[in-house]
Amino acid sequence: MSEIKVDKKQFNGVVYSRFSDVPVESIASIFVTDSAIEGILSKCKWYTERVTQEEVTAKLALLINLLTKSERINVLDYGGGLGQLLISLEKHLLSKNRVIWEVFDTEEMIGIAKERIKGKNNLFFHKNIQEVKKADILFFRQSLQVLENPVKILTDLTHLFHPKIIFMSGVPAGKNEDYVSLVLSAQENKGHPCWIFNEERLLSSVNRLGYSLIDKFSENITINLSNFPDKFQMDDERKNHARGYIFLREGAEVGL
Ligand SMILES: C[S@@+](CC[C@H](N)C(=O)[O-])C[C@H]1O[C@@H](n2cnc3c(N)ncnc32)[C@H](O)[C@@H]1O
């Protein structure tokens with residue numbers, strides 16, 4: 001019997017101006033489904049066995065290794081799920097005991113994380129940001145874009161913590177104007193709203209908070225925007241690689 005291959009789209013192809021324009025009946029929880037959680041847990045196992053690194057963990061490990069030469073640091077992993085980034089990063093850290101990993105996520109995700117991830121004395125889960133006392137690195141991977149007001153969150157967090165570094169990765173950003181679309185869940189035609197940012201505006205917003213860009217990179221992950229016209233593509237070639245940005249607080253130093 002021949003199988004028919006269905007080309008599952010990543011987004012629903014509809015363009016909205018903001019999260020509140022997305023009809024409520026199209027919204028579904030996609031991050032805390034049983035299959036999503038099992039997927040993260042099996043990836044964690046794979047990460048612990050993997051020897052090589054992705055660019056994000058390599059860059060983050062270098063930064064953390066530089067910083068922890070002279071100080072103990074706290075990383076705030078915003079939208080960090082079950083702390084999967086720490087699991088993939090840990091073995092590349094030279095002074096593990098100088099790093100505290102603080103994951104902030106939704107109440108639902110934090111409930112699951114506290115139940116499923118146990119026995120790590122450097123990993124803490126929070127559903128209230130007030131519980132986090134310190135953040136030297138503010139880190140986002142594939143999470144900035146799923147926040148309704150990302151620039152407000154960035155502003156509030158920088159005022160609260162004055163992090164030395166802001167590290168964003170897996171960011172859909174390009175020459176397009178800012179827009180919102182719906183990332184579809186694997187099972188149905190519903191999903192979670194997601195920003196596709198205008199890169200220049202995003203970078204200027206962070207600059208205005210007193211941070212300078214020190215690194216910018218394209219990642220080995222592509223955003224499937226095949227069901228959008230040209231003006232909604234992130235680049236002219238329609239390649240749409242997710243992007244990463246590292247910012248340093250003006251006046252701060254990462255010592256060598
Ligand atoms: C695509 S996942 C990325 C997870 C993780 N950062 C990683 O790279 O593996 C997006 C994450 O953002 C979280 N999230 C969604 N809305 C959020 C919100 N309003 N505040 C905090 N986290 C949120 C989800 O629960 C999920 O863990």
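Start by selecting Asn-240, which sits in the loop between S9 and S10. Keep in mind as you click around that this is a predicted model. Asn-240 isn't a glycine, yet its phi is positive, about 55°. Is Asn-240 buried or exposed? It counts as buried, because 22 C-beta neighbours lie inside 10 Å.

Now select Arg-238. This residue belongs to the loop between strand S9 (211–222) and strand S10 (241–249). Arg-238 has a positive phi too, about 60°, although it is not a glycine. Its surroundings are another story: Arg-238 is exposed, because it has 12 other C-beta atoms within 10 Å, and a residue with 12 or fewer counts as exposed.

**The seven-stranded sheet**

From that loop, colour the strands on either side of it. S9 and S10 run antiparallel and are joined by eight bridges. To see one pairing up close, pick Ser-218 and look across to Arg-243 in S10, its bridge partner.

Next, bring up the whole sheet these strands belong to. What is the order of its seven strands? Reading across, you get S3-S2-S1-S4-S5-S10-S9, in an open sheet with mixed pairing. S3 and S9 are the edge strands; each has a single partner strand, so one side of each is left without a neighbour in the sheet. On average, neighbouring strands here are turned by 15° against each other, direction ignored. As general background, strands of a sheet pair through backbone hydrogen bonds, either parallel or antiparallel.

Step along to strand S5 (residues 165–171). It is largely enclosed by the rest of the structure, because six of its seven residues are buried. Strand S4 (residues 137–141) runs parallel to S5, with five bridges joining the two. Select Ile-137 and you'll find Ile-165 of S5 standing opposite.

Keep going to strand S1 (residues 73–78). Five of the six residues in S1 are buried, leaving the strand mostly covered. S1 and S2 run parallel, with six bridges between them. For a landmark in this pair, pick Val-75, which has Trp-101 of S2 opposite.

**Around helix H4**

Now for a helix: select H4 (107–116). Which residues of H4 are buried? Met-109, Ile-112 and Ala-113 are. They sit on the same side of H4, because they cover an arc of only 100° around the axis. A general point helps here: an α-helix has 3.6 residues a turn, so residues three or four places apart point the same way. Rotate to the other side of H4 and you'll see Glu-107 and Glu-115, which are exposed. What do the buried residues of H4 pack against? Show helix H1 (34–49), strand S2 (99–104) and S3 to see their partners.

Go just past the end of H4 and select Ile-117, in the loop that leads from H4 to strand S3 (123–126). Ile-117 is buried, because 20 other C-beta atoms lie within 10 Å, and 20 or more is the cut-off for that label. Leaving out residues up to four places away in sequence, Ile-117 touches Leu-82, Gly-83 and Leu-123. Try a distance on the Leu-82 pair: the two residues are 35 residues apart along the chain, and their C-alpha atoms are separated by 7.0 Å.

**The ligand**

Bring the ligand into view. How many residues are around it? There are 14, and the ones that come nearest are Phe-31, Gly-79, Gly-81, Arg-141 and Gln-142. Colour the shell by type and you'll get five nonpolar, seven polar and two charged residues.

**The three-stranded sheet**

For the last stop, select strands S6, S7 and S8. They make an open sheet in the order S6-S8-S7, with mixed pairing. Strand S6 (173–174) and strand S7 (179–184) are at the edges with a single partner strand each, so one side of each is left without a neighbour in the sheet. S6 runs parallel to strand S8 (residues 191–198), and two bridges join them. Pick Gly-174 and look opposite to find Asn-198 in S8.

Finally, add helix H6 (residues 199–208) to the view. H6 lies across S6 and S8, and runs at about 85° to S8.

Notes
Residues are numbered from 1 along each chain as its sequence is written. This is a predicted model: local features need pLDDT of at least 70, side-chain atom pairs count only at pLDDT 80 or more; totals for chains, interfaces and linings use all residues. A residue is near a molecule or strand if its C-beta atom, placed from the backbone, lies within 6 Å of it. Ala, Val, Leu, Ile, Met, Phe, Trp, Tyr, Cys and Pro count as nonpolar, Asp, Glu, Lys and Arg as charged, and the others, Gly among them, as polar. Helices (H or I, at least four residues) and strands (E, at least two) are DSSP runs, numbered from the N terminus. Two residues are in contact if their C-beta atoms, placed from the backbone, lie within 7 Å. Two strands pair if DSSP finds at least two bridges between them. Axes are lines fitted to C-alpha atoms, for helices over the stretch in contact, and angles run from 0 to 180 degrees between N-to-C directions. The arc is that of the directions from the helix axis to the C-beta atoms.
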